[in-house]
Amino acid sequence: MEHRVCLVMVFVALITKEAMAAQHVVGGSQGWEESTDFSSWASGQKFKVGDQLVFKYTSGLHSVVELGGESAYKSCDLGTALNSMNTGNDVVKLNKPGTRYFACGTLGHCGQGMKVKITVESGTAPSTPESSSSSSSSSPAASSASPMHSYFAAFVLLTALVATSLLYMF
(Lines give C-alpha, C1' and ligand atoms only; values in the text may rest on other atoms or scores of the structure.)
Protein backbone atom coordinates (compact mmCIF):
# COMPACT_ATOMS: atom_id res chain seq x y z
CA MET A 1 0.00 0.00 0.00
CA GLU A 2 2.76 2.46 0.92
CA HIS A 3 4.53 1.72 -2.37
CA ARG A 4 1.41 2.71 -4.32
CA VAL A 5 1.17 6.01 -2.46
CA CYS A 6 4.84 6.77 -3.15
CA LEU A 7 4.43 5.86 -6.81
CA VAL A 8 1.41 8.17 -7.17
CA MET A 9 3.28 11.03 -5.50
CA VAL A 10 6.34 10.62 -7.76
CA PHE A 11 4.11 10.51 -10.83
CA VAL A 12 2.26 13.67 -9.75
CA ALA A 13 5.52 15.48 -9.05
CA LEU A 14 6.82 14.69 -12.54
CA ILE A 15 3.59 15.77 -14.24
CA THR A 16 3.40 18.96 -12.20
CA LYS A 17 6.97 19.93 -13.08
CA GLU A 18 6.23 19.52 -16.80
CA ALA A 19 2.94 21.40 -16.45
CA MET A 20 4.73 24.34 -14.86
CA ALA A 21 7.40 24.58 -17.58
CA ALA A 22 6.79 27.15 -20.29
CA GLN A 23 7.21 27.03 -24.03
CA HIS A 24 8.60 30.27 -25.43
CA VAL A 25 8.02 30.79 -29.15
CA VAL A 26 11.15 32.74 -30.08
CA GLY A 27 10.10 36.08 -31.52
CA GLY A 28 6.53 35.68 -30.31
CA SER A 29 3.84 35.84 -32.99
CA GLN A 30 6.41 36.90 -35.61
CA GLY A 31 8.56 33.86 -34.96
CA TRP A 32 12.16 33.36 -36.07
CA GLU A 33 12.15 35.96 -38.87
CA GLU A 34 14.51 38.76 -39.96
CA SER A 35 12.05 41.55 -39.08
CA THR A 36 11.78 40.53 -35.40
CA ASP A 37 13.55 42.54 -32.69
CA PHE A 38 14.89 39.60 -30.69
CA SER A 39 16.57 41.71 -28.01
CA SER A 40 13.27 43.37 -27.15
CA TRP A 41 11.44 40.07 -27.25
CA ALA A 42 13.94 38.32 -24.97
CA SER A 43 14.00 41.21 -22.49
CA GLY A 44 10.25 40.73 -21.96
CA GLN A 45 10.62 37.06 -21.02
CA LYS A 46 11.73 35.11 -17.97
CA PHE A 47 13.41 31.85 -18.84
CA LYS A 48 13.62 29.12 -16.18
CA VAL A 49 15.30 25.74 -16.11
CA GLY A 50 12.87 23.24 -17.66
CA ASP A 51 11.35 25.74 -20.10
CA GLN A 52 11.58 25.22 -23.85
CA LEU A 53 12.41 27.54 -26.72
CA VAL A 54 10.47 26.93 -29.93
CA PHE A 55 11.93 28.33 -33.13
CA LYS A 56 9.20 28.61 -35.80
CA TYR A 57 10.29 29.60 -39.31
CA THR A 58 10.20 28.64 -42.95
CA SER A 59 12.55 25.69 -43.40
CA GLY A 60 15.05 26.32 -46.17
CA LEU A 61 14.86 30.08 -45.67
CA HIS A 62 16.28 30.10 -42.12
CA SER A 63 17.90 27.75 -39.63
CA VAL A 64 18.94 27.87 -35.98
CA VAL A 65 22.53 27.61 -34.82
CA GLU A 66 23.49 27.51 -31.15
CA LEU A 67 26.73 29.41 -30.66
CA GLY A 68 29.47 28.59 -28.16
CA GLY A 69 29.68 31.92 -26.36
CA GLU A 70 29.38 35.69 -26.20
CA SER A 71 32.28 36.36 -28.56
CA ALA A 72 30.84 34.12 -31.30
CA TYR A 73 27.44 35.74 -30.72
CA LYS A 74 28.75 39.29 -31.07
CA SER A 75 30.82 38.50 -34.18
CA CYS A 76 28.30 36.07 -35.72
CA ASP A 77 30.97 33.37 -35.87
CA LEU A 78 28.91 30.38 -37.00
CA GLY A 79 32.04 28.21 -37.12
CA THR A 80 31.84 27.61 -33.37
CA ALA A 81 28.34 26.17 -33.50
CA LEU A 82 27.37 23.75 -30.74
CA ASN A 83 24.25 22.62 -32.57
CA SER A 84 22.45 23.32 -35.83
CA MET A 85 18.73 22.81 -36.54
CA ASN A 86 16.69 23.33 -39.69
CA THR A 87 13.22 21.77 -39.37
CA GLY A 88 11.25 25.02 -39.14
CA ASN A 89 9.85 23.97 -35.75
CA ASP A 90 12.91 23.40 -33.58
CA VAL A 91 12.56 22.87 -29.82
CA VAL A 92 15.41 23.54 -27.40
CA LYS A 93 15.05 22.52 -23.75
CA LEU A 94 16.60 24.91 -21.25
CA ASN A 95 18.11 22.31 -18.93
CA LYS A 96 20.49 24.41 -16.82
CA PRO A 97 20.96 28.01 -15.69
CA GLY A 98 23.23 30.29 -17.68
CA THR A 99 23.35 32.16 -20.96
CA ARG A 100 22.77 30.59 -24.36
CA TYR A 101 23.25 32.15 -27.76
CA PHE A 102 21.36 31.42 -30.98
CA ALA A 103 21.64 32.80 -34.51
CA CYS A 104 20.26 32.14 -37.96
CA GLY A 105 22.65 30.02 -39.99
CA THR A 106 21.66 31.58 -43.32
CA LEU A 107 24.48 33.70 -44.73
CA GLY A 108 24.15 37.33 -43.63
CA HIS A 109 21.09 36.92 -41.41
CA CYS A 110 22.97 36.94 -38.09
CA GLY A 111 24.80 40.13 -39.09
CA GLN A 112 21.41 41.71 -39.83
CA GLY A 113 20.31 40.98 -36.23
CA MET A 114 18.73 37.56 -36.51
CA LYS A 115 20.21 36.32 -33.27
CA VAL A 116 19.07 36.05 -29.68
CA LYS A 117 20.73 35.81 -26.27
CA ILE A 118 18.79 33.81 -23.66
CA THR A 119 19.55 33.99 -19.94
CA VAL A 120 18.14 31.01 -18.05
CA GLU A 121 17.43 31.39 -14.34
CA SER A 122 17.64 28.53 -11.90
CA GLY A 123 14.49 27.28 -10.27
CA THR A 124 11.40 25.63 -11.63
CA ALA A 125 8.76 28.24 -10.88
CA PRO A 126 6.37 28.96 -13.74
CA SER A 127 7.85 31.32 -16.31
CA THR A 128 5.86 34.33 -17.36
CA PRO A 129 6.53 37.12 -19.78
CA GLU A 130 6.90 40.64 -18.49
CA SER A 131 4.60 43.10 -20.17
CA SER A 132 6.15 45.00 -23.02
CA SER A 133 4.74 47.60 -25.34
CA SER A 134 7.05 46.53 -28.15
CA SER A 135 5.27 45.34 -31.25
CA SER A 136 7.64 42.39 -31.42
CA SER A 137 6.76 41.13 -27.97
CA SER A 138 4.88 37.91 -27.88
CA SER A 139 1.49 37.12 -26.55
CA PRO A 140 1.37 35.12 -23.32
CA ALA A 141 -0.43 32.25 -25.02
CA ALA A 142 2.28 31.98 -27.64
CA SER A 143 5.35 32.08 -25.52
CA SER A 144 5.00 31.30 -21.87
CA ALA A 145 3.17 29.51 -19.13
CA SER A 146 -0.44 30.46 -19.62
CA PRO A 147 -3.08 30.45 -16.88
CA MET A 148 -4.08 27.03 -18.24
CA HIS A 149 -0.76 25.65 -16.99
CA SER A 150 -1.63 26.81 -13.48
CA TYR A 151 -5.12 25.33 -13.67
CA PHE A 152 -3.73 22.07 -14.98
CA ALA A 153 -1.17 21.92 -12.18
CA ALA A 154 -3.91 22.54 -9.61
CA PHE A 155 -6.04 19.84 -11.21
CA VAL A 156 -3.16 17.36 -11.11
CA LEU A 157 -2.50 18.09 -7.44
CA LEU A 158 -6.17 17.74 -6.56
CA THR A 159 -6.35 14.46 -8.48
CA ALA A 160 -3.31 13.18 -6.61
CA LEU A 161 -4.91 14.01 -3.26
CA VAL A 162 -8.11 12.21 -4.22
CA ALA A 163 -6.15 9.21 -5.53
CA THR A 164 -4.09 9.05 -2.35
CA SER A 165 -7.24 9.21 -0.24
CA LEU A 166 -8.82 6.39 -2.25
CA LEU A 167 -5.71 4.25 -1.84
CA TYR A 168 -5.95 4.58 1.92
CA MET A 169 -9.64 3.65 1.86
CA PHE A 170 -9.07 0.35 0.07
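**Close-up 1. Glu70 and its partner within helix 3.** Glu70 is partly exposed in this predicted model, with a relative accessible area of 28%. Its side chain meets that of Lys74 in a salt bridge, with 3.7 Å from N to O. Both residues belong to helix 3 (residues 70–75), where they sit four residues apart, about one turn of the helix. Lys74 has a relative accessibility of 61% and so counts as exposed, whereas Glu70 is partly exposed.

**Close-up 2. Glu70 also meets Lys117.** Here we stay with Glu70 and look at another salt bridge, in which its side chain meets that of Lys117 at 3.3 Å, N to O. Because Lys117 lies in strand 8 and Glu70 in helix 3, this pair ties together parts that are 47 residues apart in sequence. Lys117 is partly exposed, its relative accessible area being 35%. Through salt bridges that share partners, Glu70, Lys74 and Lys117 are joined into one network.

**Close-up 3. Glu121 and Lys48 meet in a salt bridge.** The side chains of Glu121 and Lys48 come together here, with 3.2 Å from N to O. The pair links distant parts of the chain: Glu121 belongs to strand 8 (residues 115–121) and Lys48 to strand 2 (residues 47–48), 73 residues apart. Lys48 counts as buried because its relative accessibility of 15% falls under the 20% cut-off. Glu121, at 32% relative accessibility, counts as partly exposed. For the wider picture, the salt bridges in the model number four, and the Glu121–Lys48 pair is one of the salt bridges found.

**Close-up 4. Strand 3 and strand 6 pair side by side.** Now we turn to a pair of strands. Strand 3 (residues 52–56) pairs with strand 6 in the antiparallel sense, over five bridges. To find your way along this pairing, look for Phe55, which stands opposite Asp90 in strand 6.

**Close-up 5. The two faces of strand 6.** In a regular strand, side chains alternate between the two faces of the sheet. Strand 6 spans residues 89–93, and its covered face holds Asp90 and Val92. Asn89, Val91 and Lys93 make up the uncovered face. Asp90, on the covered face, is also the residue that has Phe55 opposite it, so this view and the previous one can be read together.

Conventions:
Residues numbered from 1 in each chain as written. Predicted model: local features only at pLDDT ≥ 70, side-chain atom pairs only at ≥ 80, totals over all residues. Heavy atoms only, no water. Buried < 20%, exposed > 50% of the residue type's maximum accessible area, 1.4 Å probe, protein only. Pairing = 2+ DSSP bridges.
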